[in-house]
Amino acid sequence: MINKLKIAFLFGVFALLFSANVQAQLKQGQLIDGIAAVIGDEIVLESDVEEQLNYGKQQGAGTTDRCEFLENLVNNKFLVYEAKKDTLIENRSAAIKDQANAKYNQLLSQFPDEKSMLTAYKFRTGYEMKNAIEKIDTDTYYGQAKYQRITEKADVTPNEVTDFFNMFKTQLPEIKDEISISQIVMNPKLTEAHKEELINKLKKIKQDIAGGESFESQARIYSEDPGSAPNGGLMKNVFKGQMVKPFEAAALNLQEGEISDPIESEFGYHIIQLVKKSGKAYDARHILLMATPTAEEITTAKKKLDSIRGLILAEKLTFKDASFKFSDDKRTKFNAGVIPGADGSNKIERESISGTISYELAGLNKGDITAAFEDEDDRKRKVVKIVKIEDVIPSHQITLETDYDRIKQMALRKKQAEMVEKYVSSKISTTFISIDGRYDTCNFKGNWKKESIKK
């Protein structure tokens, strides 16, 4: 019997290891300790194994076998090592370094100063922390690139899907209650008077700074950007292309020390001070007043959305066309408003739906559309939306008739894993591999403890 964790490894081990949620991430207060394995010139740390183990527990894994977790990390590092030797995989070291700097600055914006951040993450210097971030991103890029190169021609026929299902059907999990829903989202529009109020407030702040107040103190008092406000509005080493276009255009048109007039972006209204510009990067301070709609503005948006709902119910407009024409959610408007599930399909587990949407859907059936209601987007901004129930799928045992596409993806992932396993087996004899002695009792699937490394 294949237990729950082994099923996960069998169907998606490499996708799991390369996912942003599972990759070794920087955590406050976490210290790096010990080397668990060496593959070529790549290293697996004992803390990497510990993190994978903890993640497995959080996901309800049926085992806590450190050997199994280590082997999958070794597989990952093996692909990274091979990818760096593959001349057909683009060298993106410069772009990855820029990305690491951007992530470092994003983390820095959440702390009052660099020393506080380094202490929290237990790094001695900013250089050391940037290197750690860069290594994580490098491993992710090269591992994914090599995996894709090995599996790019993988495909499964209908017969292979059927064979896979027949072989594993007694071990496949039951499908929980699912639902397929689509949405139309509107960002409530601010009245001209509200916009003018925000702009005038920023103009007054700018005047106060010209009169002797410091930009830093005014940012701490007035800015509604939770990331930079505690740091006096400061954002360091911002790279071109990192910020939204209106912000960047305004910032780069300033001279050092100069303060912009109020500008509008998708986040609200800003004034910006260019602190320093150097090459592709710049330092800037800003004060943000968020475009938070009033109750009246939200009510206006609801009325507009309810009128659109009326047209849909009267069959004068399809939900798909309405979503394309009116929705402000770029993620779903071009896909008939359909909200994608975690696996990329249009099915979502009912228990994973947000409380606000679940409340609005209570008592509704397939084909029903909610009245307009207030919600938040992924940036915690107030929005108004209507949601349609496209389909309801009760919990059931997985079958070819009801879940063919899902089973096909499982079969494909199994074939991809086998292709990678075959590739690794063909290369393992010519690669230096050393596993720490604490894992001597492990019975690995691969030949990681080959005799050649002991000579």
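Guide: Welcome! One term first: a helix is a DSSP run of H or I with at least four residues, and helices are numbered from the N terminus. The model above is predicted.

Visitor: Which element gives the most to the lining of the second largest pocket?
Guide: Let's begin with the pocket itself, which has a volume of about 850 Å³. The elements that give two or more residues to its lining are helix H4 (93–108), strand E5 (234–239) and strand E8 (281–290). With five residues, the element that gives the most is H4.

Visitor: How many residues of that lining of the second largest pocket are charged?
Guide: The second largest pocket is lined by 28 residues, and among those nearest its centre are Gln106 and Asp225. Asp counts as charged, whereas Gln counts as polar. Sorted this way, the lining has twelve nonpolar residues and ten polar ones, and the number of charged residues is six.

Visitor: What kind of aromatic pair do phenylalanine 78 and tryptophan 448 form?
Guide: A pair of aromatic rings is described by the distance of the centres and the angle of the planes. For phenylalanine 78 and tryptophan 448, the centres are 5.8 Å apart and the planes meet at 65 degrees. Planes over 60 degrees apart count as edge-to-face, so the pair of phenylalanine 78 and tryptophan 448 is edge-to-face.

Visitor: How many residues apart in sequence are the parts that this pair ties together?
Guide: Both phenylalanine 78 and tryptophan 448 are buried. Phenylalanine 78 belongs to helix H3 (residues 66–85), while tryptophan 448 belongs to the segment after strand E13 (433–435). The pair therefore ties together parts whose separation in sequence is 370 residues.

Visitor: Is tyrosine 142 buried or exposed?
Guide: Tyrosine 142 has a relative accessible area of 9%. Because the cut-off for a buried residue is under 20%, tyrosine 142 counts as buried.

Visitor: Which residue lies over the face of tyrosine 141?
Guide: Tyrosine 141 counts as buried, at 17% relative accessibility. A charge sits over a ring if, among other conditions, CZ of Arg is within 6 Å of the ring centre. At 5.2 Å from the ring centre of tyrosine 141, the residue over its face is arginine 92.

Visitor: Which residue's backbone oxygen does the side chain of threonine 431 reach?
Guide: Threonine 431 sits in the loop between helix H14 (400–427) and E13. At 3% relative accessibility, threonine 431 counts as buried. Its side chain reaches, at 3.1 Å, the backbone oxygen of lysine 427.

Note on methods
Residues are numbered from 1 along each chain as its sequence is written. This is a predicted model: local features need pLDDT of at least 70, side-chain atom pairs count only at pLDDT 80 or more; totals for chains, interfaces and linings use all residues. Side-chain values use heavy atoms; hydrogens and water are left out. Rings of Phe, Tyr and Trp (its six-membered ring) pair if their centres lie within 6.5 Å; planes under 30 degrees apart count as stacked, over 60 as edge-to-face and the rest as tilted. Buried means under 20% relative accessible area, exposed over 50%, partly exposed in between (1.4 Å probe, protein chains only). A charge sits over a ring if NZ of Lys or CZ of Arg is within 6 Å of the ring centre and within 35 degrees of the ring normal. A polar contact is a pair of N or O atoms within 3.5 Å; within protein, one must be able to donate a hydrogen and the other to accept it, and residues adjacent in sequence count only if both atoms are side-chain atoms. On a 1 Å grid over the protein atoms alone, a cavity is a set of points where a 1.4 Å probe fits but cannot get out, and a pocket is an open set with protein on both sides within 12 Å along at least five of seven lines; lining residues have an atom within 4 Å of a point. Grid points are joined across faces, edges and corners, and a volume is the space filled by probe spheres set on the points.
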